[in-house]
Amino acid sequence: MESVELIYKAVYILVIFGITLLIATYSTYAERKVAAFIQDRVGPNRAGPFGLMQPLADAGKMFFKEEFIPAKSNRMLFIIGPGIAMIVACMSSAVIPFGDMLIIGGREIYLQAIEVNIGMLYIFGVVSLGVYGLMIGGWASNNKFSLLGAIRAASQNISYELAMGMSIIAILMMTGSLSLREIAEQQAGFNWNIWYQPLGFIIFLTCSFAETNRTPFDLPECETELIGGYHTEYSSMKLGLYLFAEYINIFVASAVMATLYFGAYNFPFMENLREAFSDPVVGNNVVTLIGVAVMFAKIFFFIFFFMWVRWTLPRFRYDQLMKLGWQILIPLAILNILLTGGGILLFD
Amino acid sequence: MTESLFYFLASLTLLCALMVVISRNPVHSVLFLIITFFTISGHYILLNAQFLAAVNIIVYAGAIMVLFLFVIMFLNMNKDSESRVKTSTLSKFAGTIAGGLLFVIMVAAVKDTTIAGYNADTFTSQTGMVETLGAVLFTQYLLPFELASVLFLVAMVGAVMLGKKEAGEQHF
Amino acid sequence: MNQIPDIIRTIPLNYYLYFSTALFIIGVIGVLIRRNAIVIFMCVELMLNAVNLLLTAIASYRADTNGQVFVFFIMAVAAAEVCVGLAIIVMTYRNTRSTDVQLLNNLKW
């Protein structure tokens, strides 16, 4: 790899990292605003205009809180736990294509940090690691509620990973590729996968709620039963890292959903727009930039959807959660695979 | 560069594998085993077997080790419960010597054989790619693949059967 | 794009042989000296992984797909094995309140 490209990659990874953290920061603000909107309240409005400085104030508070490590806890694992949660959450945005290619000075620049031909497996692998932060933190706290939260997190994640993987297989059968860039390119224009995979999308959506531990599946941390679940004993910025990792997970889950099912950076009539410019380079760049905006609009919609559901649906009971995962979602996912296979046989 | 990467990964693998055996706390053993699996995945990537690297992470680190950790937490094992089941020094000694002898025998057997390395003419870097593996898996190995699904079904039924409480059982 | 990866050019196949043998032996020693059933089980996984690594290495060096397909099957079987094995361990824990394999001595009568 030549050095120009190396520098570009480094800068791009930093930018993506920054954007991820920024979106996660403002997700906390958005969550409170959305909650306020749904419950007909005002929400945070003191720090800065419209309360926009609220995340900074929260972060400052987190940093200055007392650092507390329980006496009989496993000290090292207690500290490593939130770190694992955060690192794993940040890892997955690396393979997501946030845009098509830009042409600058005759050089083609893809708006994707790394292109691997097993991108989807990579995402799936990283997502399956996310549960370790919760489990290790919960176990190391030496607290019954934390342990219960950790155990719940483990069984929930394992159960829903199966259905999630099977809903992805249906997508694989259609696209014939594991590379996220290729999947995005195949959905050009309005040819989005959601039109062919509505059932698969619903399964994937449900499972991503479970994998990110969001209501209605936030059993690992449900405060009314388990105080705080796996982060009962955490305080100060360690707690902050756990909460932050959850929002990063939501961002990544939204980005994956947008890429797999909602056409990534593609939008209707993009080919017409591209041809409207006489200079193909300018046309390409304009379409790509609009595509990036469209991609982020889709991501923001899904983040909003996550919050919308959180303040609308009550929490599942634990046996209901397991029943939904094993008895409804997995058979549905298998049915979806069969239907997709039948459709491919019939129409291709 | 790649050479030193191999040595680094290999020594890290062996170190973490040793720590799995040495650690008194089962949770630490599990965590070291997870690191071992990661380094083995690193080896797969070095060997250009991307698919196996990803599957190794998903299956071993993502599913199997979570199950192990789950069971260990479920049974609430820690250092205290572990210290009750100490192996005697004699059997530790005997075990290590037996293992070491096995190592010597295996190395001695391997040492004098000449193994053909790569063949530059017939070599393809596409061996470990998903397309190649899939083509072989779904043609040549179709029957074993289908049988593996039956195996999974049997394992699932077996685990549920074992996990079920018997009538009148009062534990847990 | 048919270039030979650096590792295959610089590292002889024998090194992988020694390396995975060492890994396998660590697993064997673990099985011999530990008494906690779960740790023994983990050491078995370690041995399986040593075999996987060697199979992959040889398959990559010889550009033979069959070896890697075998690794895939070994992983599938290992997953099924862990699922049943852990269920058995939980079962023994219910009956003996311990995962010490020594307590299963009475199986011989």
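Reader: How far apart are the closest C-alpha atoms of chain A and chain C?
Author: This is a predicted model, in which local features need pLDDT of at least 70, side-chain atom pairs count only at pLDDT 80 or more, and totals for chains, interfaces and linings use all residues. Residues are numbered from 1 along each chain as its sequence is written, while chains are lettered from A and ligands numbered from 1 in the order in which they are written. Two residues are in contact if their C-beta atoms, placed from the backbone, lie within 7 Å. No contact joins these two chains, and their closest C-alpha atoms are separated by 12 Å.

Reader: Which chains share the most contacts?
Author: There are 2 pairs of chains that touch. Between chain C and chain B, 69 residues of chain C meet 73 residues of chain B. The pair with the most contacts is chains B and C.

Reader: Which helix of chain C gives the most to the side that touches chain B?
Author: Helices (H or I, at least four residues) and strands (E, at least two) are DSSP runs, numbered from the N terminus. Helix 1 (6–10), helix 2 (13–33), helix 3 (37–61) and helix 4 (65–96) of chain C each give two or more residues to this side. The most, 24 residues, come from helix 4 of chain C.

Reader: How many charged residues are on the side of chain C that touches chain B?
Author: Ala, Val, Leu, Ile, Met, Phe, Trp, Tyr, Cys and Pro count as nonpolar, Asp, Glu, Lys and Arg as charged, and the others, Gly among them, as polar. This side has 49 nonpolar and 14 polar residues, and its charged residues number 6.

Reader: How many polar residues are on the side of chain A that touches chain B?
Author: Here 18 residues of chain A are in contact with 17 residues of chain B. Two or more residues each come from helix 4 (119–129), helix 5 (131–140) and helix 6 (144–175) of chain A. By class, this side has no charged residues and 14 nonpolar ones, and its polar residues number 4.

Reader: Is chain C compact or spread out?
Author: Chain C has 4 helices and 0 strands. The radius of gyration is taken over C-alpha atoms, and the globule rule is 2.2 Å times the number of residues to the power 0.38. For the 109 residues of chain C the rule gives 13 Å, and the radius of 18 Å is well over that, so relative to a compact globule chain C is more spread out.

Reader: Within what arc do the buried residues of helix 1 of chain B fall?
Author: A residue is buried if 20 or more other C-beta atoms lie within 10 Å of its own, exposed if 12 or fewer, and partly exposed in between, with C-beta atoms placed from the backbone. The buried residues of helix 1 of chain B are B:Phe6, B:Ala10, B:Thr13, B:Cys16, B:Ala17, B:Val20 and B:Val21. The arc is that of the directions from the helix axis to the C-beta atoms. These residues line one face of the helix, because seen down its axis they fall within 145°.

Reader: Which exposed residues are on the face turned away from the buried side of helix 1 of chain B?
Author: The buried residues of this helix have a cover that includes helix 2 (26–46) of chain B and helix 1, helix 2 and helix 3 of chain C. The face turned away carries the exposed residues B:Ser4, B:Tyr7, B:Phe8 and B:Ser11.

Reader: Which residue stands opposite A:Ile103?
Author: Two strands pair if DSSP finds at least two bridges between them. Strand 1 (residues 101–104) and strand 2 (residues 107–110) of chain A pair in the antiparallel sense over 4 bridges. Opposite A:Ile103, in strand 2 of chain A, stands A:Glu108.
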